[in-house]
Amino acid sequence: MKFDVVVIGGGHAGCEAAHAAARLGCSTAMVITDKNAIARMSCNPAVGGPGKSQIVREIDALGGLMARITDETGLQFRTLNSSKGPAVRAYRAQSDTAEYEQTMRRALGKMPGLSIIEGTAVSIEADGNNVSAVVLADGGRISAKAVVVCAGTFLNGLLHTGFDQTPGGRYGEPPSTHLSDSLRALGFTLGRLKTGTPARLDKNTIDFSPLKEQPGDVPPPAFSYFGAQVVREQLPCHLTYTNERTHEMIRAAFDRSPLYAGVIKGIGPRYCPSIEDKVARFPERASHHVFLEPVSKSSDEIYPNGVSTSLPADVQEAFLRTMPGLENVRLMRAGYAVEYDFAPPTQLFPTLETKRVAGLFFAGQINGTSGYEEAAGQGLLAGINAARKVRGDAPVILKRSESYIGVMVDDLTTLGTEEPYRMFTSRAEHRLVLRQDNADTRLCGLGRSIGLLAEDDYRRFVEKQERIDALVQRIRKSSVNPTNEVRADLEAHGLPQVAESTPLWQYLKRPDVTINPAKVFGDLSGFSPDEVERAEIGIKYEGYIDRQNKWIEQLGRIEDIPLEEDMDYAGISGLSMELRHKLGAVRPLTFGQASRIAGMTPAALTILMITLKTRAKRG
């Protein structure tokens, strides 16, 4: 078999990578052990959240799939941080996991040029320093010009429930036991990480009557800029909590915990700890929230978000029954931890191509990340660059100043990670201009130029942008005059009064003013709520946004100074041995990337800049 691009794995990274490569005209194969496991949600049944919904919308703006599939299959949609500024607002959707898998499977099945091959990849071959083929467990060999590894938690995966250990990438699915050996043979360094998931509960054994209900937003917000409006019936989530009795049971079982008995060696996620970790690290906390989330309309499973654990099954059932509403709960499946291999991502270029083997790309948890959204964003970028590598086109590198995906990839490839990496808004220094509402403005042009975003979608973006601009200009040309009619209208809509004629754009900057049906804002019937919000944000925060854009422009003059890929850092006198080693390992492509290497100092940057200028004069 011969393909331009082979994608190993069919999780969220693999789906976006395979779709992107095929969409860009490459013959593409997705290799997955079980076709029915495509886009499986191994852990929480949700998409989005702070820092993550920005990535989902960036995927959508570039022409990817995750946002559209989420809108089609969501059970509940909410806006988080709605009372805070636009930089940290986020959407979150509870997904129907069964429908999500089925809908993604159909979307990929209809993709021209994409073949889905059931099989297990056991090794990757290289011809010199160039990737050449993927070998399957049954002896089959697939020739490839580019390969994207999206192995998730399957590389030497090992499941832990108490002291019971089962080889697996996730519940009921075997691990990839030979691919790690192949990567080591190619010269890659591998490490070990750990993640976990809670038990699944039987909905019929839960008493929801004493619990606080969390409904979805009406109308539900949509992730995709281009899909149809979300019209699905929404299901509620419910809130319960742990208590001191819960914590006592967990502490009493520490001697049966593989985490605290030293059986688990992999490093777990700091920002999504197990319930054992929470109890041990925060002894002053009397309780922790637990969100009971529906998994699918076709299932009685409930996901108890907040209590991932690797304790024995009998302990899990016992401590869960100490919580309100769960007194008689029955486990449909015990929670577990999973250890797996990963490749420290400083072995990658910002394109997600490996430095050691040309044409070989890594995306998702193999790079040390956690989360569906982070994986999908990497998969999209890796798929784009794999296709462009095959076609001989220049690679796409997303900057920190233009996307959360760019922030994530720069963090990974420059700083690396020793624990599962999770995206937060705080990681993005330019978050005021990297909002979830404006991902289309930032990236639709790029999506169209590389051929991933459909022409019809790009046209819709342009028309939307024209409407936003028209509304902004209308507001800039209008005023609020304190006539009796205007005063009465402002009062009727809960807006503050003005003492004198005031430009409408200036009035809108007041914190207690929002665009609404008041007559001063004119007829809004031709604008969507999203377009009104965008116009308002643009006017309200224009001073802050302008300052951040100027700062980005100033940084860009230094940020984009290129560094030679083969620069001899060991020979630069004045740099510490530590920095010489780190620069040689990371091989930064730009001065800006070099500036973010851990341990870099202003003095070292000065030496590096002098070296660049000296080399330029000699050249």
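This passage walks through the cores, a strand trio, a buried histidine and a pocket of a predicted model. Since the model is predicted, local features need pLDDT of at least 70 and side-chain atom pairs count only at pLDDT 80 or more, while totals for chains, interfaces and linings use all residues. Numbering starts from 1 along each chain as its sequence is written, and side-chain values use heavy atoms, with hydrogens and water left out.

The largest nonpolar core holds 107 residues. Such a core is a set of buried Ala, Val, Leu, Ile, Met, Phe, Trp, Tyr and Cys residues joined through side-chain atoms within 4.5 Å; buried stands for under 20% relative accessible area, exposed for over 50%, and partly exposed for anything in between (1.4 Å probe, protein chains only). V148 and V149 touch the most other members. Helix α9 (residues 372-391) supplies the largest share, 9 residues; helices (H or I, at least four residues) and strands (E, at least two) are DSSP runs numbered from the N terminus. Leaving aside residues up to four places away in sequence, V148 touches V5, V6, V7, I8, A17, F361, A363, A382 and A386, where contact means heavy atoms within 4.5 Å. A second, separate core has 22 residues, among them A518, F521, F527 and A535.

Next come the strands. Two strands pair if DSSP finds at least two bridges between them. Strand β17 (residues 301-305) pairs in the antiparallel sense with β13 (residues 200-202) over 2 bridges, and E301 of β17 is the bridge partner of D202. β17 also pairs with β16 (residues 289-294), again antiparallel, over 4 bridges; here Y303 partners E293. β16 and β17 make a hairpin, with 6 residues between them.

H238 sits in strand β15 (residues 237-241). H238 counts as buried because its relative accessibility is 10%. Beyond residues up to four places away in sequence, its contacts are F208, L211, K212, E213, V290, F291 and L292.

Finally, the second largest pocket has a volume of about 900 Å³. On a 1 Å grid over the protein atoms alone, a pocket is an open set of points with protein on both sides within 12 Å along at least five of seven lines, and lining residues have an atom within 4 Å of a point. The lining runs to 33 residues, with Y91, P221, A222, P529 and D530 nearest the centre. Elements giving two or more residues to this lining are α12 (455-476) and α15 (529-540).

Note on methods: 1 Å grid on protein atoms, 1.4 Å probe; cavity = no way out; pocket = protein on both sides within 12 Å on 5 of 7 lines; lining within 4 Å. Points joined across faces, edges and corners; volume = space filled by probe spheres on them.
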